[in-house]
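Here are a few short exercises to work through with the model open beside you. Try each task before reading its solution.

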Amino acid sequence: MEILIVALMLIALVIAVMNIKIVPQAKAMVIERLGAYKETWGVGLHMKVPFLERIAGTVNLKEQIADFRPQAVITKDNVTMHIDTVVYFQITDPKLYTYGVEHPMMAIETLTATTLRNIIGDLELDETLTSRDTVNAKMRAILDTATDPWGIKVNRVELKNIIPPAEIQDAMEKQMKAERERRESILRAEGEKRSAILVAEGEKESAILRAEAVKESKIREAEGDAEAILKVQSAIAKGVEMINEANPSKSAIALRSLETLEKVADGKSTKLIIPSEIQNLTALAASLKEVMKDE
């Protein structure tokens, strides 16, 4: 009997230990009693009733990523392409996630594919390639609303790859090449235009500067000539003034006239017009010469 009691105690201890559960961080356990939902265990130490309660499921509460395979979709302009999506979701209600839908991940993938086909069907090819953010926002809103009864919150949806048909890709590459060549031609023309403008502006400024220099030189030369004339006239006036102040005699005037006549005779002119006063002075000079000879 003692051995039996010890054995029963050991069996009870083992059963008790086996029914003690520790729920880790970011996990949750859904507990059923006699096949019906009883409660959800959070983080910590828990113990269930043996043979009456069981763990219906362990749920991961962290944000998860579902990368679905490419789906064939048709655009509004009848272009068939393949698009694969990435869905970021998080389980917010373990009970709804456990009992809400069978195979939740398959349900999310199917819902993502149908939603993607509906949205892309309203867009043309060019809009599909340039409106990723719009498509992502629409899909997130639709999926979040649809998965709410399943205890799932869709945080983000991304179009991972958009793969158009090969002929479309080839046409797009040719279009892009032509666009790049057009931009290159425009840039080259703009560069040449700008260069020509700069050269013309440089020549214009150079011509203006040369003209300003010539103008300044002529002004300086004219100012120099005017100043020289003023100085000469001033000297002449001063000389006349000094002569007048000296009150010269007639003999001195006659002598200066002879000196002037000598300078005139040394010129290259072949005809000379001598005033009568100078002629008289010449006769006077000749008489003085004869007188000197007699003496």
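**Exercise 1. Decide whether Glu32 is buried or exposed, and find its surroundings.**

Solution. This is a predicted model, so begin with the computed accessibility.

- Step 1: Glu32 has a relative accessibility of 7%. Buried means under 20%, so Glu32 counts as buried.
- Step 2: Glu32 belongs to strand β2.
- Step 3: Leaving out residues up to four places away in sequence, Glu32 touches Tyr37, Lys38, Leu52, Glu53, Arg54, Ala56 and Tyr99.
- Step 4: With one of these, Tyr99, the side chain of Glu32 makes a side-chain polar contact at 2.6 Å.

**Exercise 2. Work out the sheet that contains β2, and say which strands stand at its edges.**

Solution.

- Step 1: The sheet is open, has 3 strands and runs in the order β3-β2-β5, with antiparallel pairing.
- Step 2: β3 (36–41) and β5 (53–60) each have a single partner strand, so they stand at the edges and one side of each lacks a neighbour in the sheet.
- Step 3: On average, neighbouring strands here are turned by 25° against each other, direction ignored.
- Step 4: Between β2 (residues 27–33) and β5, the antiparallel pairing covers 7 bridges. As a register check, look for Val30 opposite Gly57 in β5.

**Exercise 3. Place these details in the whole protein chain.**

Solution.

- Step 1: Count 8 helices and 9 strands in the protein chain.
- Step 2: Of its 295 residues, 19% count as buried, and Glu32 is buried too.
- Step 3: For contacts between residues at least 6 apart in sequence, 63% join residues at least 24 apart.
- Step 4: The accessible surface is about 21600 Å², with 59% belonging to carbon and sulfur atoms.

Definitions and conventions
Residues are numbered from 1 along each chain as its sequence is written. This is a predicted model: local features need pLDDT of at least 70, side-chain atom pairs count only at pLDDT 80 or more; totals for chains, interfaces and linings use all residues. Side-chain values use heavy atoms; hydrogens and water are left out. Two strands pair if DSSP finds at least two bridges between them. Helices (H or I, at least four residues) and strands (E, at least two) are DSSP runs, numbered from the N terminus. Axes are lines fitted to C-alpha atoms, for helices over the stretch in contact, and angles run from 0 to 180 degrees between N-to-C directions. Buried means under 20% relative accessible area, exposed over 50%, partly exposed in between (1.4 Å probe, protein chains only). A polar contact is a pair of N or O atoms within 3.5 Å; within protein, one must be able to donate a hydrogen and the other to accept it, and residues adjacent in sequence count only if both atoms are side-chain atoms. Contact means heavy atoms within 4.5 Å. Accessible areas come from the Shrake-Rupley method with a 1.4 Å probe; for residues, only the protein chains shown count as cover.
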